[in-house]
Amino acid sequence: MTTTPAAPSTFTPPSRGRLLGSIYAGNSRAVLGRGLLATRTSNYWIILSGFFEPVFYLLSLGIGLGSLIHGVTTTTGQVVSYQAYIAPALLAVSAMNGAIYDSTWNVFFKMNYAKLYEGMLATSIGPFDVALGEIAFALLRGLLYAIGFMVVMQVFGLNLAWTALLALPAVLLIAFGFASLGMAVTSYMKTFQQMDWINFVMLPMFIFSATFYPITVYPQAIQYIIEVLPLWHGVELVRGLTTGSLSWGLLWHVLYFAVMITIGLIFTTKRLKALFLN
Amino acid sequence: MRAFRGNPAGQSSGLGSYPVPQAVITASSLTKKYKDFVAVDGISFEVAPGESFGLLGPNGAGKSTTMRMVGAVSTRTSGDLSILGLDPNDHGPEIRSQLGVVPQQDNLDQELRVRDNLIVYGRYFGIPARQVARRADELLEFAQLTDRAKSRVDDLSGGMKRRLTIARALVNDPRILLLDEPTTGLDPQARHILWDRLFRLKEQGTTLVLTTHYMDEAEQLCDRIVVVDKGAIMAEGSPAALIKQYSTREVVEVRFGSDRNAQVATQLDGIGERSEVLPDRILIYSDNGEAALTRIVERGLSPMTSLVRRSSLEDVFLRLTGRSLIE
Amino acid sequence: MTTAVERDAIIAAGSKPRRWGSFYVAEHRIRSMRAYLQTLVVTSFGNPLVYLFGLGVGLARLVPTEIGHATYLEFVAPALLASAAVTVAAEECTYPVLMGFKWNPIFYAMNAAPISGTQIVNGLVLAVGVRMLPTVGIYFVFMLLFGAVPSALGVLGILIAVFTGMSVGLLIMAYTSTIVEDRGQMALIQRFGIMPMFLFSGTFFPITQLPVYLQWIGWISPLWHGTQLGRDASYGQSEPVWLIAVHIAYPLALGAFGWWSTARTVTRRLNA
């Protein structure tokens, strides 16, 4: 015989920080926990593939092309091997790719097809909890990939200074920036066709942002355009740290991402609120 | 307005010393506009604690929009709305922490197993992990899904998914359960299992608010119904009272073939209290259906098929709007 | 009972789908591509521009010497052309196949109409070809504009690229047609198949630059064979005749196997 549960509720609803009003319940942990639990049913090879992507690039271009190219001059005038030149860029790119994938395609699917957020927001959770929790999950995964790739770099002798360790928090910063902005952009998307526009922006950014060669090969005007793009800042920041050529200029890149994160979070939360609580 | 039932036991925890109001939901002149389209047009109703309240109407009547406003996930355009004495505009998360929501389309977490769906959902309310695990097992039992605890959501049947959604909505032990078309798309057997579960909740004093366009569902589950059409309330009362007020005891359905119905209808004057001519059949309303059918045959009209049945809410709706509920 | 006349009429009604069924399927596919026509147009023009400008022109500044008898741009261009075809083929041979069986099971509907499993496959293959041709053609025009094609024979590169793409696509289709449940296999094809193929098929450098333990990827990759053929045509890279024969025979064999295998799988699934 089945019994009807009639347990009186013994929990009290969590109190919320008044700062963010009805958009934040201080419970983004529950959203993060959900993400972690969901990985159990996912395909482990797919999760692993995120680690292999930059390694494939490093093996191919680093070794194959590296044998044709003898030394590249970085922004600070240091001459490094081609492998040491592209490795930090690949690290930054993989941070971007992971964050963008998680915050665009994954979010798009959860929003429009799985109706996941609709379910979450019918509870006492607010849109800011959802945004923070989802981004935290993306960052956690990104951190694991980054650690893996840093180990590969160490094995190949591509971490040229101890400051390379600082590349880990830098990668998190980059991923945070792309994830928050990516989620904001995705919230405006209605169809898969519109989602393709994200790729149109990503591809040239990937190729042109001093990933495989210095931007000095281009005329000054094009260089200015590249310097506005977030990936260039990410690449320069990580490269500065792994090659050990530090300067105060690196702080500009940090500031760039801080602004990007703030804008992204504000827009994401606003949009989630408009989409699900209106 | 009917007398409210007393506040059932086990419903007073949750928000501390805050006074439980007479009505758990009070809406007055509740309106929702999307640009030029008025989805809900100034409706007013109250729901008492422990009551089972239904919104009956065709697709597009504004039922789901009303439910979303009551669920504190849709901001009203004008009017007043109070849920458990709180205004959803100011206290969305507090109100939602006291509600269980079963949406029209299942939005279960496909990436989680059955039991994990309940646990994770409970965590969204901030329920401690140990407590929510115990609650999940109770609810699996209640939803008759204990042996499917480790299944993928994808592998459940439609009826099982629906039961899981209802179990999920109960994870926070809600004061009010909102069900938006709970059995649409289910086969008859699955519907009966579901009704049984909902009936148990009702017996135990949970306040149910449900929308439906199925008359039998409303008749089975609801103490009181409002009939909505085009965003407005057309009638209100218990299923039996509505039928009594707006229809006769019985109905005769006769078919003369689609091209003859309209022409024959003119020859049926005086039989029954009134009649409705539909494209495929004629309905004749009378307290004594058999007698009415006999008179039709006496007039020399021989219908291809005939059926005498009890009046239902479908007839009430037809009377009120001149249209069928479904389609 | 059907009379002989009726019987003849029924047989006659079946003759058209028997003969043209594959084309009906191809027409259906091409029509449904209209949904993402905008994307197709933008990528068809955008990708060659980005890749040729970025990798051909930009990266070339770092590679000081000529490779073989070619500049770096001339060297990478045929490889990028073949890769573009492979990318398109990989896309068109994954999602539409899974779609037809699972998400929007149109294959069953086609099969309920008088279209056979083999015709469905032929139609898909035909549509993939039609989809590749303009993409590759536009790419080639950009190559000309960038001055990346020294020889007139280079125009053969269009056919070579389509041939290469088809070979990879058919092989992928042989696999995707067997997928019953979507567990992310398509992402895996992309990340462990297409991407390493792109990186290790001598696209950006001769595969001889790689250590032996990485060179084998090129040898088994249809993309490498296609790329080498393209270079033979584009700037007369000198290769022995037997090797050129291998470059043609190997992708051909893979493609033929893929086609046969897909047709068999699809027929079995539809008639199961």
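Domain bounds are taken from an automatic or database domain assignment. The model is predicted: local features need pLDDT of at least 70, side-chain atom pairs count only at pLDDT 80 or more, and totals for chains, interfaces and linings use all residues. Residues are numbered from 1 along each chain as its sequence is written, and chains are lettered from A in the order in which they are written.

**Exercise 1.** State how far apart the C-alpha centres of domain 1 and domain 2 of chain B lie.

*Solution.* The assignment gives chain B domain 1 (25-238) and domain 2 (248-310). Their C-alpha centres are separated by 39 Å.

**Exercise 2.** Classify the packing of α3(B) and α4(B) by angle.

*Solution.* Helices are DSSP runs (H or I, at least four residues), numbered from the N terminus. Step 1: helix α3 (residues 114-124) and helix α4 (residues 129-142) of chain B pack at about 135 degrees, their axes 9 Å apart. Axes are lines fitted to C-alpha atoms over the stretch in contact, and angles run from 0 to 180 degrees between N-to-C directions. Step 2: angles under 35 degrees count as roughly parallel, over 145 as roughly antiparallel, 65 to 115 as roughly perpendicular and the rest as oblique. The two helices are therefore oblique to each other.

**Exercise 3.** Determine which helix gives the most to the side of chain B that touches chain A.

*Solution.* Residues are in contact if their C-beta atoms, placed from the backbone, lie within 7 Å. The contact takes 44 residues from chain B and 37 residues from chain A. On the chain B side, α2 (88-96), α3, α4 and α6 (188-203) each supply at least two residues. The most comes from α4(B), with six residues.

Methods. Two residues are in contact if their C-beta atoms, placed from the backbone, lie within 7 Å.
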